[in-house]
Amino acid sequence: MEPNSLLWVGSPCGLHGPYIFYKAFRFHLEGKARILSLGDFFLVRCKAGDPICIAELQLLWEERTTKQLLSSSKLYFLPEDTPQGRNVTHGEDEVIAVSEKVIVKLEDLVKWMVADVSSWNKGLPAVPLKPTVLKELGKNGQREALHKYRESTLNSGLNFKDVLKEKAELGEDVEEKKVLVLSYPQYCRYRSIIARLRERPTSFLTDHVVLALGGIASLTNNTQILYCRDTFEHPTLVENESVCDEFGE
């Protein structure tokens, strides 16, 4: 891989035939270095003119014979951007998943990414960690400790310590909007606990409360939480020239 282009982050996490699997990659978007790891959510536009949707990064791998760098993601669309449209049964924070995962070369996935996410206003605003908790986590140079609260619901059993260390060193734009898609039960639990916490504001997002929330916490107040409980068949995604199912996992 060329310097300053697409680079794997962290050690490989698996081998299968000609495929080497990884946990994260580093890239540049509009001149800014970024890192995406398995379980991260981000905004994409599959082609010009398409609506913005949410992607969840689920697999990263390199095909050893062709040197292709590949990704598999799950896509989530707002109900109004699906063929059936929004109806009275859809919640205001609901998204609908495409039934099939999409396999895209890393270089194309980066092209799909939406750099300016300031216009995204969908989802429930997450409650940030208590300032005293953030201060405690930031002591003694333990910056990577902050990232144990990263906006990800991934629980794969993989060791992300090396990836989180690089993310912490890279720094994080606290003003940038982020998104997180939960299952419907997770979302209901989150709303229920947050509602109870509003009666006791002094306990707002301390360490033990984060555990009660299932590990869902935000370092800032710029994270939008949505939920998914249904799927749909995307009518045109298979025709997208960036999708390359010939590299199926």
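This is a short walk through a predicted model, from one strand to the cores, a cavity, the cysteines and two loops.

Let us begin with strand β6, which covers residues 41–44. In a regular strand, side chains point alternately to the two faces of the sheet. Here, F41 and L43 lie on one side of β6, while F42 and V44 lie on the other. Are these four residues buried or exposed? F41, L43, F42 and V44 are all buried, so that both faces of the strand are covered. Strand β6 also has a neighbour to look for: β7, residues 53–63, pairs with β6 in the antiparallel sense over four bridges. One place to find this pairing is at V44, whose bridge partner in β7 is C53.

From here we can turn to the nonpolar cores. Nonpolar side chains tend to be buried together in soluble globular proteins. The largest nonpolar core in this model holds 37 residues. Which of them touch the most other members? They are F25, L75, L109, W112 and M113. Apart from that core lies another, made of 25 residues. L43, from the strand where we started, is among its members, as are I52, V117 and V181.

Next comes empty space. Rolling a probe the size of a water molecule over the atoms shows where such space is left. The count gives one cavity of 30 Å³ or more, and the largest cavity has a volume of about 30 Å³. To find it, look for the residues that line it: K47, D50, H234, T236, L237 and N240. By class, this lining has one nonpolar, three polar and two charged residues.

Now for the cysteines. A disulfide is a covalent bond between the sulfur atoms of two cysteines. How many disulfides does the model have? The count comes to zero. Two cysteines show contrasting surroundings: C244 counts as buried because its relative accessibility is 5%, under the 20% limit, whereas C188 is partly exposed, with a relative accessible area of 35%.

Finally, take a look at two loops. E30 sits in the loop between β4 (24–29) and β5 (32–37), and its phi is near 50°, a positive value in a residue other than glycine. With a relative accessibility of 73%, E30 counts as exposed, because the cut-off is over 50%. K67 is found in the loop between β7 and β8 (68–77). Phi of K67 is also positive, near 65°, and this residue too is other than glycine. Is K67 buried or exposed? K67 is exposed, since its relative accessible area is 57%.

How values were computed:
Residues numbered from 1 in each chain as written. Predicted model: local features only at pLDDT ≥ 70, side-chain atom pairs only at ≥ 80, totals over all residues. Heavy atoms only, no water. Buried < 20%, exposed > 50% of the residue type's maximum accessible area, 1.4 Å probe, protein only. Pairing = 2+ DSSP bridges. Disulfide = S-S within 2.5 Å. 1 Å grid on protein atoms, 1.4 Å probe; cavity = no way out; pocket = protein on both sides within 12 Å on 5 of 7 lines; lining within 4 Å. Points joined across faces, edges and corners; volume = space filled by probe spheres on them. Nonpolar A, V, L, I, M, F, W, Y, C, P; charged D, E, K, R; others polar. Core = buried A, V, L, I, M, F, W, Y, C linked by side-chain atoms within 4.5 Å.
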